[in-house]
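User: I am new to this structure and would like a close look at one part of it. Could you walk me through the sheet and whatever surrounds it?

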Amino acid sequence: MFFELRTYRTKPGMLDQWAKVMDEKIIPFQISKGMVVVGSFIGEDEEDLYVWIRRFESDEQRDQLYRAVYEDSIWKNELKHLADEMLDRKKGIDVKKILATPKSVVQ
C-alpha cells in the first residue's frame with residue numbers, strides 16, 4: 001500500500017472555489033470510480049495551496065484507477081475543464097508517492 005501526496009496551486013482568488021469543486025464534484029466522482037481519498041487540505045497561510053492524499057494498494061491498482069477516472073467522458077468533458085480554469089499549472093502540480101510509517105494511523 002502507498003499514498004499519493006498531491007500538491008496544487010490555484011490561480012489567484014480561486015482557492016475556495018477549487019476546494020468546493022473538489023469536495024462536491026471531483027472527489028465524489030473519483031470515489032465512485034474506486035479511488036480512496038484519505039483527505040484534502042488548504043493552506044492556512046498560503047492563499048493558493050491545495051493538498052490532497054489518495055491511497056492505493058499497488059501500482060497496478062493505481063494504473064487501473066487512473067484509467068477509470070481520466071479516460072471517463074465526465075472527466076474529459078467536464079471536470080478537466082474545471083481544473084484547467086482554476087489551477088495554476090505554471091506553478092506546477094506536485095505528485096509524490098509516499099509510504100506510511102509502521103505506526104502511522106493511516107494504515
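Analyst: Here is a tour of the sheet, followed by the helices, the salt bridges and a patch on the surface.

Please keep in mind that this is a predicted model. Let's begin with the overall layout of the strands. The sheet is open and has four strands, in the order β2-β3-β1-β4, and the pairing is antiparallel. The two edge positions belong to β2 (36–42) and β4; each has a single partner strand, so one side of each is left without a neighbour in the sheet. On average, neighbouring strands of this sheet are turned by 15° against each other, if direction is ignored.

Now we can go through the pairs one by one, starting from the β2 edge. Strands β2 and β3 run antiparallel and are joined by six bridges. One place to look is Val37, whose bridge partner in β3 is Arg54. These two strands form a hairpin, with six residues between them. Keep that connection in mind, as we will come back to the loop between β2 and β3 when we reach the salt bridges.

Next comes the pairing of β1 with β3. Here eight bridges join the strands, which again run antiparallel. To find this pairing in the model, look for Leu5: its bridge partner in β3 is Ile53.

The remaining pair brings us to the other edge. Strand β1 (residues 2–9) pairs with β4 in the antiparallel sense, over five bridges. A handy marker for this pair is Arg6, which stands opposite Val95 in β4.

With the strands in place, let's add two helices. Helix α1 (residues 15–32) lies across β1, β2 and β3 (49–56), and it runs at about 15° to β3. Helix α2 (residues 59–70) packs on the sheet as well, touching β1, β3 and β4, and its direction makes about 125° with that of β3.

Strand β3 deserves a longer look. It is mostly covered, as seven of its eight residues are buried. How accessible is Arg55, then? This residue sits in strand β3, and it counts as partly exposed because its relative accessibility is 25%, while buried would mean under 20%. Leaving aside residues up to four places away in sequence, Arg55 touches Met1, Phe2, Phe3, Val36, Val38 and Gln61. For a sense of distance, the C-alpha atoms of Arg55 and Ile26 are separated by 16 Å, with their positions 29 residues apart along the chain.

Let's turn to the charged side chains. The model has 14 salt bridges by the rule used here, and a few of them can be followed from one to the next. Start at Glu46, whose side chain meets that of Arg9 in a salt bridge at 2.8 Å, N to O. Glu46 belongs to the loop between β2 and β3, whereas Arg9 belongs to strand β1, so this pair ties together parts that are 37 residues apart in sequence. Both partners are partly exposed: Glu46 has a relative accessibility of 36%, and the value for Arg9 is 22%.

Arg9 also meets the side chain of Asp48 in a salt bridge, at 2.7 Å from N to O. Asp48 is in the loop between β2 and β3 and Arg9 is in strand β1, so the parts tied together here are 39 residues apart in sequence. Asp48 counts as buried because its relative accessibility is 12%.

From Asp48 we can take another step, to Lys91: the two form a salt bridge whose closest N and O atoms are 3.0 Å apart. Lys91 is found in the loop between α3 (73–86) and β4, so its pairing with Asp48 in the loop between β2 and β3 ties together parts that are 43 residues apart in sequence. With 53% relative accessibility, Lys91 counts as exposed. Elsewhere, salt bridges that share partners join Glu4, Arg6, Arg54, Asp59, Arg62 and Lys97 into one network. You have already met Arg6 opposite Val95 and Arg54 as the bridge partner of Val37.

One last stop is on the surface. Val38, Val105 and Val106 form a nonpolar patch there, and together they have about 270 Å² of accessible area. Val38 is also among the residues that Arg55 touches. Val106 is located in the segment after β4 (94–98) and is partly exposed, with a relative accessible area of 33%.

Note on methods. Residues are numbered from 1 along each chain as its sequence is written. This is a predicted model: local features need pLDDT of at least 70, side-chain atom pairs count only at pLDDT 80 or more; totals for chains, interfaces and linings use all residues. Side-chain values use heavy atoms; hydrogens and water are left out. Patches are made of residues with over 30% relative accessible area and no salt bridge: like charges are joined within 9 Å, nonpolar side chains (Val, Leu, Ile, Met, Phe, Trp, Tyr) within 5 Å. Accessible areas come from the Shrake-Rupley method with a 1.4 Å probe; for residues, only the protein chains shown count as cover. A salt bridge is a side-chain nitrogen of Lys or Arg within 4 Å of a carboxyl oxygen of Asp or Glu. Buried means under 20% relative accessible area, exposed over 50%, partly exposed in between (1.4 Å probe, protein chains only). Two strands pair if DSSP finds at least two bridges between them. Axes are lines fitted to C-alpha atoms, for helices over the stretch in contact, and angles run from 0 to 180 degrees between N-to-C directions. Contact means heavy atoms within 4.5 Å.
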